[in-house]
Amino acid sequence: MDKPVGLFAYPSNPVTVGQAIQATLSQTETSISSWEENDIAGRFLLSPILTRIEDGNCLLADITYLNFNVVFEIGYAIGRNKRVILLRNTSLIGNDDLRREVGIFDTLGYQSYANSLDLSRIITSIDDLAPLIIDRTTLNRPVPIYLVLPKVKSDSEIRVISCLAKARLEKRTYDPQEHGRLGAADAIDEVAQSLGVVTLLLPSSRVDAEVHNIRAAFIAGLSMGLDKPLLLIQLGNEPVPLDCRDLVHSVNFPNQIDEHIAEFSPKVIALYQLIAPPLPIQPKTFVAKLNLGSSSAENEVPDLAGYYLETDEFRRTSRGEVRIVSGRKGTGKTALFFQLRNRLRDFRGG
């Protein structure tokens, strides 16, 4: 059986977390080292940490207090096919409310410890080094971009959406207003099938900045681990983590986003052209042929026409009898207008 070899990631504050981990590593015979042991003089701060993750077979990470750098490293390790072991120090208050709101970690799971003895027992008992299984072969060519948005959209987020549309880069969107918390399995699947990933870092003055930035950290690390083109836009001058400053494109005005989308687009297009479209596999059973679509019509634009059922509301709207359609979430309003738009385009094109 292979022994665990890798890195222990944890936040520098509060120092109590690091003290317990350092005490454990000094007293336990293990090939796990702390991030503080890396020689970072004169180098990009994240480089030696990512190298240690790359060279090992696992990553231990303390999530008692969620930290941008640690969450980024968790995402990177998962993308690099490493076993990730999450830990929570039960002797500290932690920020469990933040973790629950973010999502991600409630489905990944974690082990609890209260002191260095508990932690030592966990480390010495690690016997499963199998990483999460990720489908790295199925790519979404029709909708290649995965865009992660905050709950409340400012002019900057609207600008990103507009720029992607002008660049003709179809997108799948994670929107907290539509989807609630972000599940780890969904995030991994969405990034894995993407040809490019876009998200933003919000200044602390923005609503839900902490929740969104933790999600963005996981998505950014996962994207790098899976070698996906990543556009990480920082709105303003904070709170870019020092370790990740070279990954971030800072903007002070929404119109500065245009140039970053313009630089990002060719990377996606180049990757798109390199990847041959998969041979279609014909489903053999009725259930296999059945397509219920996505919960969000925005993520189903290319396939919507294949299964959309024209309702009386659609026909009345297409005849110009109504101009406003209202209804609860999930009743088909967006799908109706996407189909109506496509029909009008076909009519004008004819």
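Two strands are taken to pair if DSSP finds at least two bridges between them, a criterion that strand 6 and strand 8 (residues 196-201) satisfy with four bridges in the parallel sense. The legends below describe close-up views of a predicted model.

**Figure 1. The parallel sheet that contains strands 6 and 8 is open and has five strands.**
The strands of this sheet follow the order 7-6-8-9-10, and their pairing is parallel. Its edges are formed by strand 7 (171-174) and strand 10 (248-251), each of which pairs on one side only, and the twist from one strand to the next averages 20 degrees. Where strand 6 meets strand 8, Tyr 146 has Val 197 of strand 8 as its bridge partner. Helix 11 (residues 257-274) lies across strand 6, strand 8, strand 9 (230-235) and strand 10, and the helix runs at about 170 degrees to strand 9.

**Figure 2. A second view shows an open sheet of five strands in the order 2-1-3-4-5.**
The pairing in this sheet is parallel, and the edge positions belong to strand 2 (31-34) and strand 5 (111-113), each pairing on one side only. From one strand to the next the twist averages 25 degrees. Strand 1 (residues 5-9) is joined to strand 2 by four bridges in the parallel sense, and within this pair Phe 8 has Ser 34 of strand 2 as its bridge partner. Helix 6 (residues 116-124) lies across strand 1, strand 3, strand 4 and strand 5, and its direction makes an angle of about 145 degrees with strand 5.

**Figure 3. Helix 3 (residues 68-79) is largely enclosed by the rest of the structure.**
This helix lies across strand 1, strand 3 (58-62) and strand 4 (83-89), running at about 155 degrees to strand 3. Helix 3 has 12 residues and reaches 17 Å from its first C-alpha to its last, which is close to the 16 Å expected at 1.5 Å a residue. Because buried means under 20% relative accessible area, and 12 of the 12 residues of helix 3 are buried, the helix is described as largely enclosed. The buried residues include Phe 68, Val 70, Phe 72, Ile 74 and Tyr 76, as well as Asn 69 and Glu 73.

**Figure 4. The two ends of helix 3 can be followed from Asn 67 to Asn 81.**
At the N-terminal end, Asn 67 acts as a cap, with a side-chain oxygen that lies 2.8 Å from the backbone nitrogen of Asn 69. Asn 69 is itself among the buried residues of the helix. Helix 3 is followed by Asn 81, whose phi is positive, near 70 degrees.

**Figure 5. The peptide bond from Asn 13 to Pro 14 is cis.**
The omega angle of this bond is near 0 degrees, and Pro 14 is located in the loop between strand 1 and helix 1 (15-27). As general background, most peptide bonds are trans, and most residues other than glycine have a negative phi.

**Figure 6. Ile 104 has a positive phi, as does Asp 227.**
For Ile 104, a residue other than glycine, phi is near 50 degrees; this residue lies in the loop between helix 4 (96-102) and helix 5 (105-108), and its relative accessibility is 0%, so Ile 104 counts as buried. For Asp 227, also other than glycine, phi is near 60 degrees; this residue lies in the loop between helix 10 (209-225) and strand 9, and Asp 227 is exposed, with a relative accessible area of 55%.

**Figure 7. Model confidence in the protein averages a pLDDT of 82.**
A score of at least 70 is reached by 84% of the residues. Confidence is lowest in helix 12 (residues 286-289), where the mean is 64, and highest in strand 6 (residues 145-148), where it is 94. Over residues 39-44 the pLDDT is below 50, and beyond near neighbours in sequence this stretch has eight contacts in the model.

**Figure 8. The protein as a whole has 15 helices and 10 strands.**
Of its 350 residues, 46% are buried. Among contacts in the protein with a separation of 6 or more, 76% are accounted for by residues 24 or more positions apart.

Conventions: Residues are numbered from 1 along each chain as its sequence is written. This is a predicted model: local features need pLDDT of at least 70, side-chain atom pairs count only at pLDDT 80 or more; totals for chains, interfaces and linings use all residues. Side-chain values use heavy atoms; hydrogens and water are left out. The expected span of a helix is 1.5 Å times one less than its number of residues. Buried means under 20% relative accessible area, exposed over 50%, partly exposed in between (1.4 Å probe, protein chains only). A polar contact is a pair of N or O atoms within 3.5 Å; within protein, one must be able to donate a hydrogen and the other to accept it, and residues adjacent in sequence count only if both atoms are side-chain atoms. pLDDT is the predictor's confidence in each residue, from 0 to 100. Contact means heavy atoms within 4.5 Å. Axes are lines fitted to C-alpha atoms, for helices over the stretch in contact, and angles run from 0 to 180 degrees between N-to-C directions.
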